[in-house]
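Student: I have a set of questions about the model shown below. Please reason each one through before giving the answer.

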Amino acid sequence: MKKTVRTFLTTTLVILSATISAYAQSQNLIVISNSKGAPAELNRSELMAVMKGEKQRWNDGTRISVALMKASTAAGEATSKKVYGMSGDEVNKYWLALVFQGKVKAPVFFNSASELETYISQTPGAIGVVEESPDVKSKPVMVDGKKTL
Amino acid sequence: MKKKISKKACGKLSFLLALQFAWIAGICQDTQIRGFAEVLAGYASTTKKVSFGLGEQDLFITSELTDRFSFLGESVFKYSAPSPTLFDISIERIVVKYNIKGNHNILVGKHHTPINYWNDTYHHGRVFFPTIYRPDLFGDHFIPLHTTGISIEGHDLGKLKLGYDLMVGNGIGSGETADNDQAKSVTAAIHIKPVDHLRIGVSYYTDKISKGAKDAHASMIVPVDIAQQLFTGSVAYFGKRFEFLAEATAAMDHSDSTATQQSIAGYVYAGVRFKKFIPYGRFDYSEVPDQELFFHPDTKTSIVGGIRYEINYLTVIKLEYGHTEDDAGISDRVTAQIAIGF
């Protein structure tokens, strides 16, 4: 009986983890920003420089604030993979190391897209990545001429 | 006369403290407190026993003060036998940063001297260390770990992602609040990151170590003035599969009585990642001539081999063997460490 339960739980966990991973891979992500600071269009290398804390200010002088979904969310996992080419854990480590070195301002992490969108709308210079959804009202920043990542 | 605090008063105090904490948290939205700690267990051939031990507890605070000003503070709590409480607190960093323009900043306060990769990147963040212990270059105080002063820095400039640091500080032998002489230390460093995960850097440090200052091990008094120059080079690559870090410092200490004495210290680290396991090795070498007055004259070789298991980015376990040979003899140690971030 114990063996059956263990097998069932293990199988469920494997399926669940594979589903989340597949879901994360298939997510369409969009980049959104505050109306002040970020341009309407970025190329991929400019986006990477911003998202990796390599750029402190936009060209108009507004300070950049990076907003990300927590790595524990499906959108956060998708952002880690598609934007950073890392796992969620690696992205967390990357930022913690930079903040500890005193090099950059820490990004702000959110549990939901609506919280992230609200933060961005209220913070000049803010930029973030969310799942594409009808609930997201902000105008996306085009990346390499495309709306989604 | 001792007064006992009643349960009621204790409750009120707790409530007031909670209220104050909530208020502070409310007004300091851009202030973050993070930290690192470690617990160790190991066998050393010098003591011939197995011991458990507390490492350091490192707390660092970052705060965004204005659009241009920010603050970083770092304090370390560690065991210290001479202390009445058996623990010491040291202020490792107090840095106020002002963003001049783009990626260019001015920093004032007590800094990690930006002399090489390890000192700039890890310092007390033991969860980031690729090995349990710092290289001998640090343990033997071959480089000045901290400098109190002012610096200008820039990072990720241009296609090569150039970074630079120019720092003027109190220098070796000084206290935290005043310089011990009129001379100032100067550090100049540049690095580039031509491809992802790779950083190559060089630095130059110069200072006048005044007669009466303590030597590198803080065990002797320097008998004469010494003009010190340090030349450092480092290459760091931490990719998804391979890790490599090599750093070396050449020191030239000049005094009227001993002329110029040349010392060298360096290490090479390499590791290979297999998912969350990283077997690694490090080789350290240092050579200090007998006439040297600031560093401890010695020729030292160390080999370290171990395995690191990264449970997640905040929890890392390491098991490591170390073998050291120097003028004092041969020593071996086996150490296990749990390093955490919080």
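Student: Which side chains make a polar contact with the side chain of B:Glu92, and at what distances?
Tutor: This is a predicted model. The side chains of B:Glu92 and B:His124 are joined by a polar contact of 2.8 Å. A polar contact with the side chain of B:His146 is listed at 2.7 Å. The partners are B:His124 at 2.8 Å and B:His146 at 2.7 Å.

Student: Where is B:Glu92 found, and which residues does B:Glu92 touch beyond four places in sequence?
Tutor: B:Glu92 is found in strand S4 of chain B. Leaving out residues up to four places away in sequence, its contacts are B:Glu74, B:Ser75, B:Val76, B:Lys110, B:His112, B:His123, B:His124 and B:His146.

Student: Which side chain of opposite charge is nearest to B:Glu92, and how far away?
Tutor: B:Glu92 is buried and has no salt bridge. A salt bridge requires the nitrogen within 4 Å of a carboxyl oxygen. The nearest side chain of opposite charge is B:Lys78, 4.9 Å away.

Student: How many residues does each chain bring to the contact, and what area is buried between chain B and chain A?
Tutor: Chain B brings 34 residues and chain A brings 24 residues. On chain B, the most area is lost by B:Glu64, B:Phe128 and B:Tyr313, together 23% of what that side buries. Carbon and sulfur atoms carry 47% of the area buried between the two chains, which is about 2500 Å².

Student: How many salt bridges and how many residue pairs in polar contact are there between chain B and chain A?
Tutor: The salt-bridge rule finds eight across the interface. One salt bridge joins the side chains of A:Lys103 and B:Glu153, at 3.9 Å from N to O. For polar contacts between chain B and chain A, the count is 15 residue pairs.

Student: Which element gives the most residues to the side of chain B that touches chain A?
Tutor: Several elements of chain B supply at least two residues each, among them strand S1 (31–44), helix H2 (117–121) and strand S14 (298–312). By type, the residues of that side divide into seven nonpolar, 12 polar and 15 charged. The most, four residues, come from S2(B).

Student: Why is helix H3 of chain A described as largely enclosed by the rest of the structure?
Tutor: The buried residues of H3(A) include A:Ala75, A:Gly76, A:Val83 and A:Tyr84. After H3(A) comes A:Gly85, with a positive phi near 65°. Helix H3 spans residues 74–84 and is largely enclosed because the buried residues number eight of the 11.

Methods
Residues are numbered from 1 along each chain as its sequence is written. Chains are lettered from A and ligands numbered from 1 in the order in which they are written. This is a predicted model: local features need pLDDT of at least 70, side-chain atom pairs count only at pLDDT 80 or more; totals for chains, interfaces and linings use all residues. Side-chain values use heavy atoms; hydrogens and water are left out. Contact means heavy atoms within 4.5 Å. Buried area is the accessible area (1.4 Å probe) that two parts lose on being put together, summed over both. A polar contact is a pair of N or O atoms within 3.5 Å; within protein, one must be able to donate a hydrogen and the other to accept it, and residues adjacent in sequence count only if both atoms are side-chain atoms. Ala, Val, Leu, Ile, Met, Phe, Trp, Tyr, Cys and Pro count as nonpolar, Asp, Glu, Lys and Arg as charged, and the others, Gly among them, as polar. Buried means under 20% relative accessible area, exposed over 50%, partly exposed in between (1.4 Å probe, protein chains only). Lys and Arg count as positive and Asp and Glu as negative; His and the chain ends are not counted.
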